[in-house]
Amino acid sequence: MRPLHHRHLRWLLWAFLPPVLLLALMSGAVFVTPAELLAALAELFGDGPQSRDGLILFSLRLPRVILAALLGVVLAGCGAAMQGLFRNPLADPSLIGVASGASAGAGAMVVLGSGLISGGLLGVSLVAMGAFAGGFAAVLLVYRLATNSTGTSVATMLLAGIAISALAGALNSLFNVFADNDMLRRLSLWQMGSLEGANWQRVSIVFLAAAVVCALLPRQSQALNALLLGESEARHLGVPVESLKRRIILVTAFGVGIAVATSGIVAFVGLMVPHWVRLLIGPDHRHLIPCSLLMGALFMVVADTLARVVILPAELPTGVITALLGAPFFVSLLIQQRHRHYAGMLP
Amino acid sequence: MSLVLEQVGITLGGVSLLSDVSFSVDPGEVLAVLGPNGAGKTTLLRILSGEWAPSRGRVRFNGRDIDDWRPAEKAKAMAILPQGTSLDFPFTAEEVVMLGRTPHNTGVQRDRAIVEEALTAVDGQHLAKRIYTQLSGGEKQRVQLARVLAQIWENADRQSRLLVLDEPTASFDLAHQQLTLDLVARLAGQGFAVVLVIHDLNMAARCATQMLLLSCGRVVEYGAPAQVLTPALIERVFEVKAMVQAHPVTGNPLVIT
């Protein structure tokens, strides 16, 4: 049977969130003790942060920790919805071309727009806007390719995603050829996924994405459950399948597009987090999506904190940590699952 | 009249898959759709459920054109069990049956009770807590049947209910084949209209009140079982020599090949 009841998992995740967030705030190149944390907090509500700790906490760490949590919410939520839409527990938003499209968009901006690189709108760099545009365009293209008068074929969407990803990868390589050393380094760091540039502006943009994800995805839970039976089965259960697909694709393109644009490609989160949750509490989206949102936030905060502290005084890209942490855990859960599966088959 | 098809035909990519199919199913009737592979049985189910729009003719369900039904509303009165359902997610069997309650807002308590009754009806109550992906083929099929039953278990909105089953007994053992056919007959007795695609002619004869014999997308014969199950028609459509006698107990036609 299932290791955990969904209600227990939700309590556990809520219980873990505050201490993990506090620990993340305290850790870093400078360790802030709880007492100093309280003092800085008092300062914040007094005349604004002035001390060294206050500045570190308020202008560096707090936005970064919040950014990590919001990114986790967006990536894990969209991952859960994608896995439901593709009816495959190993699906990932990158399947429909978000990540590769965003890479190409970012590459185009770095190389072609190098003269304007310092420019931007509302504090968002041109690179980020290029990435968002690239990611969104790739998804729309994939969706259009897979849609005809009879509906959207999920299998075609998968293949179109591969084709568009390959095309975007080729464009990206082309930009790399024309890039100079500085551009190359910037591009490759961005592709590894880093939260180094966290600031309140980025937090507010990703907050918008997280708000859209949290507001729209949980509402599709019941329909996604029915969709797992198959498309025509879902239709016979009264689910408007085409509009469901469209909604999920748009929310994912928007959410993951913004996540990738602000923080680069943080791999594995959207794939693994919903998968863990499913192994713990089962596949019901009414519980899977909310728990994935929470678990995604926790996982990203932990991963980003590790990225900040493991090789002090330097810093690792967060995407490297998520992949290094995620892949082995994923494999171990798969092995456990197989054991349980065989045990369940015995009389 | 629960379901009426009037001269329905469909042409896809220049190929005519069905032409000039007309029949009606009343509440309390069981229509068995018979025919060799490729005769258009599954296409017919797609059209009568509204999934595919016919190129010609029209489909009416409970007096309204099938396209005029809102999907959520139609789902409360019409349930369809497809041939094979691929579900790769580890739901428990009772969760799968619960998915049949998707179109309804009857509350968790009522839904739980219905799920239990539906599982019991297919002799699957002992499967309730098992993981669906670990069940055998026949057990999965029974759970899916229970899901479809749960969908129209209650008479919502006072509509007459239509149950459409595509080879429901394909992977069942003998006992569960009989149980399913008896269940179909009992549901018809409760006022359900049933459309059943089935390959075994004797099983069809066991519960059908009407039969529709299809071949190459056309109706060969439509009427009472004794009228459809004749040696001449069976040889013409299935290319098999057969004798037809009365079943010693039920009196239904019994096809001996």
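## A tour of chains A and B

In this predicted model, begin with chain B and colour its two domains separately: their C-alpha centres lie 22 Å apart. Domain 1 is made of two segments, 1-77 and 159-225, and domain 2 covers 88-158. To see where they meet, select the contact residues, 15 from domain 1 of chain B and 16 from domain 2 of chain B. On the domain 1 side, helix α6(B), residues 174-189, supplies the largest share, with 4 residues. That side consists of 8 nonpolar, 4 polar and 3 charged residues.

**The six-stranded sheet of chain B**

Next, show the open sheet of 6 strands in chain B, which runs in the order β6-β7-β8-β3-β9-β10 with mixed pairing. The edges are β6(B) and β10(B), the latter at 218-223; each has a single partner strand, so one side of each has no neighbour in the sheet. From one strand to the next, the twist averages 15 degrees. Now add helix α5(B), residues 137-151, which packs on this sheet and touches β6 and β7 of chain B. The direction of α5(B) makes about 175 degrees with that of β6(B).

Within the sheet, select β3(B) (30-34) and β8(B) (193-197), a parallel pair joined by 4 bridges. Val33(B) has Val197(B) in β8(B) as its bridge partner.

Move to the edge strand β6(B), residues 78-81. Which residues of β6(B) are on one side, and which on the other? Met78(B) and Ile80(B) are on one side, with Ala79(B) and Leu81(B) on the other. In a regular strand, side chains alternate between the two faces of the sheet. In β6(B) both faces are covered, and these four residues are all buried. Strand β6(B) runs parallel to β7(B), residues 162-166, and 4 bridges join the two. Put Met78(B) and Leu162(B) on display together: Leu162(B), in β7(B), stands opposite Met78(B).

Go on to the loop between β7 and α6 of chain B and pick Glu167(B). Its phi is near 45 degrees, a positive value in a residue other than glycine. Most residues other than glycine have a negative phi. Glu167(B) is partly exposed, because 18 other C-beta atoms lie within 10 Å.

**The four-stranded sheet of chain B**

A second open sheet in chain B has 4 strands in the order β2-β1-β4-β5, with antiparallel pairing. Its edge strands are β2(B) (15-25) and β5(B) (64-65), each pairing on one side only. Select β1(B) (3-12) and β4(B) (56-61), which are antiparallel and joined by 5 bridges. Across this pair, Leu3(B) stands opposite Phe61(B) in β4(B).

Helix α1(B), residues 41-48, lies across β1, β2 and β4 of chain B. Viewed against β1(B), helix α1(B) runs at about 115 degrees.

Stay with β1(B) and select Gln7(B), which lies in that strand. Gln7(B) is another non-glycine residue with a positive phi, near 45 degrees. Is Gln7(B) buried or exposed? Gln7(B) counts as exposed because it has 12 C-beta neighbours inside 10 Å, and 12 or fewer is the cut-off for that class.

**A hairpin in chain B**

Continue to β11(B) (243-246) and β12(B) (253-256), an antiparallel pair joined by 4 bridges. Gln245(B) stands opposite Leu254(B) in β12(B). The two strands form a hairpin with 6 residues between them. In the turn, select Gly251(B), where phi is positive at about 85 degrees.

**Chain A and its contact with chain B**

Now bring up chain A, which has 14 helices and 4 strands. Along the principal axes, its C-alpha atoms fill a box of roughly 65 × 50 × 35 Å. The radius of gyration of chain A is 21 Å, which agrees with the value near 20 Å for a compact globule of 347 residues. Buried residues account for 50% of the chain. Of the contacts in chain A with a separation of 6 or more, 78% join residues 24 or more positions apart.

Finish by selecting the contact between the chains, with 22 residues from chain A and 23 residues from chain B. On the chain A side, α9 (221-227), α10 (231-236) and α14 (318-345) each supply at least two residues. Helix α10(A) gives the most, 4 residues. The chain A side divides into 9 nonpolar, 9 polar and 4 charged residues.

Conventions: Residues numbered from 1 in each chain as written. Chains lettered and ligands numbered in written order. Predicted model: local features only at pLDDT ≥ 70, side-chain atom pairs only at ≥ 80, totals over all residues. Buried ≥ 20, exposed ≤ 12 C-beta atoms within 10 Å, placed from the backbone. Pairing = 2+ DSSP bridges. Contact = placed C-beta atoms within 7 Å. Nonpolar A, V, L, I, M, F, W, Y, C, P; charged D, E, K, R; others polar. Rg over C-alpha atoms; globule rule 2.2 N^0.38 Å. Domains from an automatic or database assignment. Axes fitted to C-alpha atoms, helices over the stretch in contact; angles between N-to-C directions.
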